[in-house]
Number of protein chains: 2
Amino acid sequence: MNHSLDKTFAALADPARRTMVERLVIGPATVSELALPLPMSLPAVMLHLKVLEDAGLVTSRKEGRVRTCRIEPEKLSLAERWVSARRIMWENSLDGLKAYLDGAKTEKKK
Amino acid sequence: MNHSLDKTFAALADPARRTMVERLVIGPATVSELALPLPMSLPAVMLHLKVLEDAGLVTSRKEGRVRTCRIEPEKLSLAERWVSARRIMWENSLDGLKAYLDGAKTEKKK
DNA sequence: GAGATAGTTAAGTAACTGCTTGACAGTTTG
DNA sequence: CAAACTGTCAAGCAGTTACTTAACTATCTC
């Protein structure tokens with residue numbers, strides 16, 4: 001469980017991989033399409049793809065000589081839920097409540 | 001901007017650091033308190049704390065001989081927003097729409 | 001079947017991470 | 001002041017990450 005979050009967050013920590021994810025949320029893409037905007041060699045892109053697949057964020061299938069990649073959004077929302085749960089916990093804490101109220105006050109001042 | 005996300009996600013990719021964050025959303029804590037559940041030396045915890053501070057997820061202040069750490073939730077919600085924006089994009093894509101409808105169907109079957 | 005296309009493997013390298021132990025510094029407390 | 005407490009610095013080490021280039025395989029297209 002935690003191990004899964006490790007890999008998900010680690011995968012998202014790299015700008016090249018986030019760029020790949022940003023492309024894939026629009027729809028499936030080939031390896032070359034993913035590589036297009038990235039300033040690196042194809043083998044390097046393959047390694048990033050492997051990291052994303054290992055994290056379960058992306059799956060791919062090879063048909064003929066083309067590998068088509070698509071996003072796997074469950075791991076994405078797993079990460080989202082972890083973060084939002086912590087933010088909510090913080091909002092329910094005294095520390096967070098105070099900061100929230102202060103924030104609301106300065107918001108009004110605007 | 002992207003650089004900030006790099007550090008935030010990288011910081012969250014480590015279980016020790018997530019444990020520290022989980023402690024801090026409850027309220028401020030000292031370095032020793034953060035170290036208590038972690039299976040490592042104090043200097044190691046300091047390094048993790050440095051990573052969290054570098055990412056802007058945590059701030060700390062030393063009073064006397066005690067360093068008190070507290071969470072800084074803005075970076076947390078920055079990461080949250082990046083992920084949720086991508087999930088929403090995916091849901092609006094044909095790929096995501098299809099998967100969503102399929103999901104709703106299997107959900108009904110239950 | 002020759003050549004272009006799309007991807008893969010291998011080998012090597014430079015930099016970064018995550019830890020350790022040991023020595024040390026500043027701050028209370030008895 | 002001496003001892004205990006809380007944290008910090010430094011050196012060093014093992015393992016991982018993020019690439020590179022070069023060579024290769026498999027698949028289409030003409």
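This text follows a predicted model from its two DNA strands to its two pockets, and then to a helix and two residues of the protein. Residues are numbered from 1 along each chain as its sequence is written, and chains are lettered from A, with ligands numbered from 1, in the order in which they are written. Because the model is predicted, local features need pLDDT of at least 70 and side-chain atom pairs count only at pLDDT 80 or more, while totals for chains, interfaces and linings use all residues; side-chain values use heavy atoms, with hydrogens and water left out.

The surroundings of DNA strand C comprise 20 residues, of which A:Ser32, A:Met46, A:Arg65, A:Arg67 and B:His48 come nearest, where a residue is near a strand if one of its heavy atoms lies within 4 Å of it. Of the strand C atoms within 4 Å of the protein, 66% belong to sugar or phosphate, and the rest belong to bases. Several polar contacts (pairs of N or O atoms within 3.5 Å; within protein, one must be able to donate a hydrogen and the other to accept it, and residues adjacent in sequence count only if both atoms are side-chain atoms) reach the phosphates. The side chain of B:Ser41 places an N or O atom 2.7 Å from a phosphate oxygen of strand C, a polar side-chain atom of B:Arg17 lies 3.2 Å from a phosphate oxygen of this strand, and A:Val31 contributes a backbone N or O atom at 3.4 Å from a phosphate oxygen. The elements that give two or more residues to this surface are helix H3 (31-35), helix H4 (42-54) and strand S3 (66-71) of chain A together with H4 of chain B, helices (H or I, at least four residues) and strands (E, at least two) being DSSP runs numbered from the N terminus. H4(B) gives the most, with 4 residues. By residue class, the surface near strand C divides into 9 nonpolar, 5 polar and 6 charged residues, where Ala, Val, Leu, Ile, Met, Phe, Trp, Tyr, Cys and Pro count as nonpolar, Asp, Glu, Lys and Arg as charged, and the others, Gly among them, as polar.

Around DNA strand D there are 20 residues, and A:Ser41, A:His48, B:Ser32, B:Met46 and B:Arg67 come nearest. Sugar or phosphate accounts for 70% of the strand D atoms within 4 Å of the protein, with the rest belonging to bases. A phosphate oxygen of strand D is 2.6 Å from an N or O atom in the side chain of A:Ser41, a phosphate oxygen is 2.7 Å from such an atom in the side chain of A:His48, and a backbone N or O atom of B:Val31 lies 3.4 Å from a phosphate oxygen. On this surface H4(A) gives the most, with 4 residues, and the residues divide into 9 nonpolar, 5 polar and 6 charged.

The pockets come next. On a 1 Å grid over the protein atoms alone, a pocket is an open set of points where a 1.4 Å probe fits, with protein on both sides within 12 Å along at least five of seven lines, and its lining residues have an atom within 4 Å of a point; grid points are joined across faces, edges and corners, and a volume is the space filled by probe spheres set on the points. The largest pocket holds about 410 Å³ of space, and of its 16 lining residues A:Trp90, A:Ala99, A:Tyr100, B:Pro73 and B:Glu74 are the closest to its centre. H6(A) gives the most to this lining, with 7 residues, and the lining as a whole divides into 6 nonpolar, 2 polar and 8 charged residues. The second largest pocket holds about 330 Å³, and of its 15 lining residues A:Pro73, A:Glu74, B:Trp90, B:Ala99 and B:Tyr100 are the closest to its centre. Here the largest share, 6 residues, comes from H6(B).

In helix H1 (residues 2-12) of chain A, the buried residues are A:Ser4, A:Leu5, A:Asp6, A:Thr8, A:Phe9, A:Ala11 and A:Leu12, where buried means under 20% relative accessible area, exposed over 50%, and partly exposed in between (1.4 Å probe, protein chains only). B:His48, in helix H4 of chain B, is buried at a relative accessible area of 13%. Leaving aside neighbours within four places in sequence, B:His48 is in contact (heavy atoms within 4.5 Å) with B:Asp14, B:Ala16, B:Arg17, B:Met20 and B:Met40. B:Met40 itself is found in the loop between H3 and H4 of chain B and counts as partly exposed, at 30% relative accessibility.
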